[in-house]
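Hello,

Here is the structure I promised to pass on to you. Please open it beside this message, and then read on for what was found in it.

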Amino acid sequence: MKRENVLVSEDALARQREFEAKIKEMFTAREAHPVACVDTFGCQQNVADGQKLMGMLADCGFTFTEDPKEADLVILNTCAVREHAEQRVFGNLGILTHTKKENPEQVICLCGCMAQEERVSQRVKESYRHVDLVFGPHALWKFPELLWQVYETRKRVFAVDNEDGTIAEGIPVVLEKGVKAWVSIMYGCNNFCSYCIVPYVRGRERSRDPQCVLQEVRELVEAGYKDITLLGQNVNSYGNDLGLDYHFPDLLEDIDKIPGEYLIRFMSSHPKDATNRLFDVMAKCPHVAKQLHLPFQSGNDRVLKEMNRRYTREQYLAEINYAKKVMPGLVLTSDVIIGFPGETEAEAMDTVSLVEEVGFDALFTFIYSPRPGTKAAAMPDPATRAEKQKWFDKLLEVQNANSAKLHAAYVGKTVRVLVDGESDDENFPLSSRTEGNRLVRLKGGKDLIGKFMDVKVTDSNTWALYGEPV
């Protein structure tokens, strides 16, 4: 894929703005006030995509609700990474038959990674006749045109062609209220881990122009956002396609120069591309959070090879040890898969021993979920679900004990936090995060939301710290 074919042209984007105007005019002529419900599943990249969908809908004249019964337009923005998320989406699609029955004019859309899978779009076409519009991540930028086709033709529209993918700059967004924001710095993936469907549905890696990213971050800081996460399927590959000899550590350094009181985080980061230079830049840049989410997935070299991860246990540990050396107090998190096809109990225990050796602050843990169309889905998988559950329970036991131990060590200490919202704990009504992204439940009033402040930690458990403002 040549770089010059990646950017969507200004003319093409202007055409989408024309369709937005047509939709708005249509509702104005009907003296209608359209309402949309955008329900997003999955990762932060999907959240960012959902904010773009809402931005385009706002320009079409829509307001928003969280109740599909109140909506003239319902969008399910989906994730394809695990089977459970897929089942939830199909369950929600089934429920929407009732809202459609009550409001026959309601338009129902399925988009996101699931929609890009041929088996899913075909199933929707045949079995979910009430769904009007299906489009994948590649077609998101032309959503206004697709929606107009539905309104104009009153026919179902499917836009799920297999593409390498594009970049569309300047799409409007509706940001969440609060202090957190997400910035996509690249799209797609070239890694083809054997268990993962993402490269098939999000296309090849393509990086946004650095100046566009810097401008977006600058505008977010000026607007008062204080916790900004840079997104990509593999942020460590950023810049490889730009031909500028400009890479992810360079981008972090330039973002750090933007004045203001804010933190920068990033995910996901792939160990095969993580470098000592990245960790050195993290260490020296005050705006970059000293938090590293570095998925290792398995602690066994044979399993890592079958996963097509392209690093070894030893290489992963060397990266972690260097990062800890240059950033004392670094908060470490990771992703882990237990029960990969062909994995034995001994190999699963290699993963548990790596968790013990590293001492992660938290883990995102999963029992392997086969994704049709991936290499791993066709591999022999003799271990039973009960066996995998036993291994998984051992992993959780080790990690939960370590998280509780690390959290207990904070009691009595003073930490700096960003108060980011309200909590569901009436005794500690505020939610906040440390630089390392640890959850701290706080005593205090709503006037503290959006502020950085020092907090004395008074208690802890496996999942959170508790404290009060100093």
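**Strand 13 and its neighbours**

Strand 12 (residues 291–293) and strand 13 run parallel and are joined by three bridges. Before going further, please keep in mind that this is a predicted model. Within that pairing, Gln291 has Val331 of strand 13 as its bridge partner. Strand 13 also runs parallel to strand 14 (residues 362–367), and six bridges join the two. There, Asp335 is matched with Phe364 in strand 14.

How many residues of strand 13 (residues 331–338) are buried? Eight of its eight. In a regular strand the side chains alternate between the two faces of the sheet. In strand 13, Val331, Thr333, Asp335 and Ile337 point one way, while Leu332, Ser334, Val336 and Ile338 point the other way. Both sets are buried.

**Helix 8 and what it packs against**

Helix 8 is a good next stop. Its 13 residues (residues 210–222) should span 18 Å at 1.5 Å a residue, and its end C-alpha atoms are indeed 18 Å apart, so the two values agree. The buried residues in helix 8 are Pro210, Val213, Leu214, Val217, Leu220 and Val221. They lie on the same side of helix 8, because they cover an arc of only 125 degrees around the axis. On the face turned away from this buried side you will find the exposed residues Gln211 and Glu222.

What do the buried residues of helix 8 pack against? Their partners are strand 7, strand 10, helix 9 (248–256) and strand 11 (263–267). Two of these partners are joined to each other: strand 7 and strand 10 (residues 227–231) run parallel, with five bridges between them. One of the matched pairs is Ala181 with Ile228 in strand 10. Strand 7 (residues 180–184) is itself mostly covered, with four of its five residues buried.

The two ends of helix 8 are worth a look as well. At its start, a side-chain oxygen of Asp209 comes to within 2.8 Å of the backbone nitrogen of Gln211. After the helix comes Gly224, which has a positive phi near 100 degrees.

**A barrel of five strands**

Further along the chain, five strands close into a barrel in the order 15-16-17-19-18, with mixed pairing. On average, neighbouring strands of this sheet are turned by 50 degrees against each other, direction ignored.

Here are the pairings to look for as you go round:

- Strand 16 and strand 17 run antiparallel and are joined by four bridges; Ser431 stands opposite Arg441 in strand 17.
- Strand 17 and strand 19 pair in the parallel sense over three bridges; Leu442 has Gly467 of strand 19 as its bridge partner.
- Strand 18 (residues 452–460) pairs with strand 19 (residues 465–469) in the antiparallel sense over five bridges; Ser460 is matched with Leu465 in strand 19.

Strand 17 is covered on both faces: Leu439 and Arg441 are buried on one side, and Val440 and Leu442 on the other. The hairpin of strand 16 and strand 17 has four residues between the strands, and Asn437 there takes a positive phi near 70 degrees.

Arg438 lies in the loop between strand 16 (428–434) and strand 17 (439–442). Is Arg438 buried or exposed? Its relative accessible area is 7%, under the 20% cut-off, so Arg438 counts as buried. The side chain of Arg438 makes a polar contact with the side chain of His407 (3.2 Å). Among the other residues that Arg438 touches are Val331, Asp361, Tyr410 and Leu465.

**Some backbone details**

Most residues other than glycine have a negative phi, and most peptide bonds are trans. A few places here depart from that pattern:

- The peptide bond from Met267 to Ser268 is cis, with omega near -5 degrees; Ser268 lies in the loop between strand 11 and helix 10 (276–284).
- Glu31 has a positive phi near 55 degrees. Glu31 sits in the loop between helix 1 (10–29) and strand 1 (35–40), and is exposed, with a relative accessible area of 71%.
- Gln297 has a positive phi near 70 degrees. Gln297 belongs to the loop between strand 12 and helix 11 (301–306), and is buried, with a relative accessible area of 7%.

Enjoy exploring it, and best wishes.

Technical notes: Residues are numbered from 1 along each chain as its sequence is written. This is a predicted model: local features need pLDDT of at least 70, side-chain atom pairs count only at pLDDT 80 or more; totals for chains, interfaces and linings use all residues. Side-chain values use heavy atoms; hydrogens and water are left out. Buried means under 20% relative accessible area, exposed over 50%, partly exposed in between (1.4 Å probe, protein chains only). Two strands pair if DSSP finds at least two bridges between them. Axes are lines fitted to C-alpha atoms, for helices over the stretch in contact, and angles run from 0 to 180 degrees between N-to-C directions. The expected span of a helix is 1.5 Å times one less than its number of residues. The arc is that of the directions from the helix axis to the C-beta atoms. Contact means heavy atoms within 4.5 Å. A polar contact is a pair of N or O atoms within 3.5 Å; within protein, one must be able to donate a hydrogen and the other to accept it, and residues adjacent in sequence count only if both atoms are side-chain atoms. Lists of a residue's contacts leave out its neighbours within four places in sequence.
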